[in-house]
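User: Could you walk me through the ligand site and the core of this one?

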Amino acid sequence: MIRVAVIGLGYWGPNLVRNFEAIDNAKVVYACDLVEENLNKIRRSYSSIKLTKDYREILKENIDLVCIATPPATHYEIAKDCLESGKHVLIEKPMTTSTDEALELIDIANDHGLKIFVDHTFVFSPPVIKIKELIKDIGKPLYFDSERINLGLLQKDVNVIWDLAPHDFSILTYLFDFEPERLIAIGSKLRHPYYEDLAHIMVKYDNGFIAHVHVSWLSPVKIRKTIIAGDRKMILYDDTNFFEKVKVYDKGVDIDLSKESPFFPTYRSGDIYVPKIENKEPLRIEAEHVVDCLLNNKKPKVDGYAGLKVVELLEACDKSLKEAKEVEL
Ligand SMILES: NC(=O)c1ccc[n+]([C@@H]2O[C@H](COP(=O)([O-])OP(=O)(O)OC[C@H]3O[C@@H](n4cnc5c(N)ncnc54)[C@H](O)[C@@H]3O)[C@@H](O)[C@H]2O)c1
């Protein structure tokens, strides 16, 4: 039995409590938040979970895994304390607010023989897992174009890129093994007094692949659409479409340079394939994976290094915003 504690019981933390409580071989024994009302939410539904406002209480307990669902700026310090107390950690995205912090946590975990899991939830979502299977059929990958926009939730301590783009960056890192080379981020503080609430990011890869990510807290409607195009097929992933989240289009453009005319494009438009996708909560799949890794000493699908890759991209976005130019990775 894996004994679990959850620190941070605001919006996301209760989902971790619910999912770890629901699976075999795990039990949530402790939960923590600074705010009494958040502790009450857990008290009402789970009478056996011990509660505290001071996460240091948890460090003294016999606990295997601590889930950290506090605001990003607090992840490093809490995760460091947990690892130094001999606990494995599941850290919410983004893993930390700097690459130095992420590297230090990886070192501490390695020194203590502990595992870091980073909650890149989309990597466990059935549509993204299906896309990973389908990606080999799209031919040479050309581009990734994602829109992740809705009204709010404006965060107090990070900009919209740190809040929403970890999802796209984690999907990119999971789907493709080629390396990002350069990046440019353009953003504006339109309603938020301190941080960008709307941004566009372009990432260029070493093989010519290009990724565009548009994130915003200021859209009147919720859009979660991604196109992943190859030179043979193109995939549309619409996470708000309940029945047809993934569609594969047999469409593309071919240009025959051997023809007399220097520019002779032909357009292909074939079938559209809608794969069957399992309807299971990503966080449940992830919690089962985490427990399996701990019980059977397996390598996490999203470990500290995967968390670090995402933080590297986020940090580069900040640099690009600050310098108002493209930056190297
Ligand atoms: N994986 C996902 O899809 C997903 C979705 C939403 C949020 N998140 C991540 O989860 C984390 C939390 O986000 P949220 O939206 O739940 O934020 P939130 O502000 O709603 O909740 C954070 C909670 O942490 C508590 N907290 C802060 N410092 C603490 C401390 N030292 N000890 C104990 N509790 C403390 C706060 O009181 C608050 O209740 C963030 O890293 C966010 O990026 C992940």
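Here is a short run of questions and answers on the ligand site and the core.

Analyst: Heads-up: this is a predicted model, so to speak of its ground rules, local features need pLDDT of at least 70, side-chain atom pairs count only at pLDDT 80 or more, and totals for chains, interfaces and linings use all residues. Numbering runs from 1 along each chain as its sequence is written, and side-chain values use heavy atoms, with hydrogens and water left out.

User: How many residues surround the ligand?

Analyst: Being near takes a heavy atom within 4 Å of the ligand. Trp12, Asp33, Asn38, Lys93 and Thr121 are the closest. The shell count is 21 residues.

User: Which helix gives the largest share of that shell?

Analyst: Helices here are DSSP runs (H or I, at least four residues), numbered from the N terminus. Three shell residues come from the top contributor, spanning residues 72-84. That's helix 4.

User: What distance separates a polar side-chain atom of aspartate 119 from a ligand nitrogen?

Analyst: A polar contact is a pair of N or O atoms within 3.5 Å. Tyrosine 11 puts a backbone N or O atom 2.9 Å from a ligand oxygen, and threonine 70 does so at 3.3 Å. For aspartate 119 and the ligand nitrogen, the value is 3.3 Å.

User: Which helix supplies the largest share of the largest nonpolar core?

Analyst: Such a core joins buried (under 20% relative accessible area, 1.4 Å probe, protein chains only) Ala, Val, Leu, Ile, Met, Phe, Trp, Tyr and Cys residues through side-chain atoms within 4.5 Å. The largest has 77 residues, with Met95 and Phe169 among those with the most contacts inside it. Ten of the core's residues, the largest share, come from helix 7.

How values were computed
Polar contact = N/O pair within 3.5 Å; in protein donor to acceptor, adjacent residues only side chain to side chain. Helix = DSSP H or I, 4+ residues; strand = E, 2+ residues; numbered from the N terminus. Buried < 20%, exposed > 50% of the residue type's maximum accessible area, 1.4 Å probe, protein only.
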